[in-house]
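This briefing is a guided reading of a protein model for someone who is new to such structures. Please keep the sequence and the 3D view open while going through the points.

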Amino acid sequence: MAEFLEWDAHRLSAAIAAGQITAVELMRATLDRVADVNPQVNAIVSLRDEAELMAEARAADMVPAKGVLHGVPMAVKDLSNVAGLPTSMGSPLFAGKPAPTSDIMVQRMQDAGAIIIGKTNTPEFGLGSHTFNPVFGATQNALMPGCSAGGSSGGAAVALALRMVCVADGSDMMGSLRNPAGWNGVYGMRPTWGRVPSEPVGDMFLDQLSTNGPMARCPRDVAMLLEVQAGPDPRQPFGLPDEPFVERVQADVTGRRIAWLGDWGGAYPMEAGVLEAAAAGVTRFEEMGCHVEEIAPPFDAAALWEAWITLRSWAVAARLGPVYDQPAMREQLKPEAIWEIERGRALSGDDIRRASARRSDWFRAAVRLFDAYHAFVLPTAQCWPFPVAWDWPKEVGGVMMDTYHRWMEVVVPVSLIGLPCLAVPMAGPRPMGLQIAGRRGDDIDVLQLGEAWHGLG
């Protein structure tokens, strides 16, 4: 493997701009690396023609740098559109159908100079935190072969960890940028909801659960990619102004107060060893000069879950309803998707109102929490990476899981109210990470804590 594939994205970008390496050299090394390791892990799918990619790299070497991603190979999660590439979403219903245009986030990365080499694998329609689908199969964990990579941005995390790409995009509804990051030893950030725009189609007011965001091998690269992806879209009603993240990512975090929430007062079942490893990892914040305090749950876990599954099922039903309504297509949906759609369609308007009222109550409680603490911390998952042949864990910590996603309940407090959250990897007996969640809009605060974490080595 070429030595420069170990470099962080900001170093690669600077080296290309300075002429120390060429885009052709980087593309050649990248394709060789993909050929070497991807057959074993199945992280990158729909790989483009080599001759076309090398031609694009040569063209990049002949013009001034377009942006911080100039000449950098990237693979886009297979839920987002890249013009000319298929967006299968892991479903045979859409496999092989090329997208006519690139999505906003993808176009911004291309405008910054990225060369898209293909897609990264994802569960069918991104449902579930385990990356497998009937089109491309399963993605293997980068650190534990034979185990799940997490999801739904599992392909992205594995491609990063195995040096097939230096930065990656992902999306996160229920931990999809956080769980794979923790399970593959990289960093994944769910930005404040609205910071990275989605597409200006359909309803743009009611559903605020899922967001796109960046992944990388260090927080500085996360910040760099977030600057590219973020920024308001005038065609959409919600958005946040551009912010410079990279220049502020390194900061003295001494004295910052961290709330450790563990298993949310026993509400979240944990596989043996997970909570102990996470608690040991939290002591790293004290090495950074932060004050860590274990606190009681700031909100009722059952109320959070009830609000979450109501709003999630309602959102999934709205998104996949047109597919479900066609019997021939419905037959090709996985059972979990059908369950979500039928559950969502059975909800009443009052069910939705009550769920959103609970969400509002939790937001008010979180505001009070952040008046006292700079961040709260939780594990990125409730179990270790499980065998890749499983569809999902049916039991965690002696407790039966009543839905296909209940084992990821630990990510709900962040997702429900759109908080910025950075998943950081930690040392332990098996791959696991910690979620660092901050006040809505304070993405830079969690990035600074992550950079300090990374700086300890």
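Two strands count as paired if DSSP finds at least two bridges between them. On that basis β1 and β3, which run antiparallel, are joined by two bridges. The model is a predicted one, and the points below take up two sheets, one strand, one pocket and one loop residue.

**The sheet of three strands**
- The strands of this open sheet follow the order β1-β3-β2, and their pairing is mixed.
- Because β1 (44-45) and β2 (73-77) stand at the edges with a single partner strand each, one side of each is left without a neighbour in the sheet.
- Within the pairing of β1 and β3, Val45 stands opposite Lys119, which belongs to β3.
- Helix α2, made of residues 23-41, lies across β1, β2 and β3, and runs at about 15° to β3.

**The sheet of eight strands**
- This second open sheet, again with mixed pairing, has the strand order β6-β8-β7-β14-β15-β11-β9-β10.
- Its edge strands are β6 (167-172) and β10 (291-294), each of which pairs on one side only.
- On average, and with direction ignored, neighbouring strands of this sheet are turned by 25° against each other.
- Strands of a sheet pair through backbone hydrogen bonds, in either a parallel or an antiparallel manner.
- An antiparallel case here is that of β7 (residues 187-190) and β8 (residues 211-216), which pair over two bridges, with Tyr187 standing opposite Ala216 in β8.
- Helix α14, which covers residues 443-455, lies across β7, β9 (257-260), β11 (375-379), β14 (421-426) and β15 (432-437), and it runs at about 10° to β14.

**Strand β14 and its two partners**
- On one side, β14 is joined to β7 by three bridges in an antiparallel arrangement, and Leu422 in β14 is the bridge partner of Met189.
- The antiparallel pairing of β14 with β15 has six bridges, and here Leu422 stands opposite Ile436 in β15.
- β14 and β15 form a hairpin, with five residues between the two strands.
- In a regular strand the side chains alternate between the two faces of the sheet.
- In β14, Cys421, Ala423 and Pro425 point one way while Leu422, Val424 and Met426 point the other way, and all of them are buried.
- β14 is accordingly described as mostly covered, with six of its six residues buried.

**The second largest pocket**
- This pocket has a volume of about 220 Å³.
- Its lining consists of 16 residues, and those that lie nearest its centre are Arg48, Glu56, Ala114, Ile115 and Ile116.
- The elements that contribute two or more residues to this lining are α3 (50-61) and β3 (115-120), and the largest share, three residues, comes from α3.
- Sorted by class, the lining of this pocket has eight nonpolar, five polar and three charged residues.

**Thr139, a residue in a loop**
- Thr139 lies in the loop between β5 (137-138) and α5 (154-161).
- Is Thr139 buried or exposed? Its relative accessible area is 0%, and because buried means under 20%, Thr139 counts as buried.
- Leaving aside neighbours within four places in sequence, Thr139 is in contact with several residues, including Val41, Asn42, Ala43, Asn121, Cys147 and Val388.
- Thr139 and Ala15, in turn, are 124 residues apart in sequence and 31 Å apart in space, C-alpha to C-alpha.

Conventions: Residues are numbered from 1 along each chain as its sequence is written. This is a predicted model: local features need pLDDT of at least 70, side-chain atom pairs count only at pLDDT 80 or more; totals for chains, interfaces and linings use all residues. Side-chain values use heavy atoms; hydrogens and water are left out. Helices (H or I, at least four residues) and strands (E, at least two) are DSSP runs, numbered from the N terminus. Axes are lines fitted to C-alpha atoms, for helices over the stretch in contact, and angles run from 0 to 180 degrees between N-to-C directions. Contact means heavy atoms within 4.5 Å. On a 1 Å grid over the protein atoms alone, a cavity is a set of points where a 1.4 Å probe fits but cannot get out, and a pocket is an open set with protein on both sides within 12 Å along at least five of seven lines; lining residues have an atom within 4 Å of a point. Grid points are joined across faces, edges and corners, and a volume is the space filled by probe spheres set on the points. Ala, Val, Leu, Ile, Met, Phe, Trp, Tyr, Cys and Pro count as nonpolar, Asp, Glu, Lys and Arg as charged, and the others, Gly among them, as polar. Buried means under 20% relative accessible area, exposed over 50%, partly exposed in between (1.4 Å probe, protein chains only).
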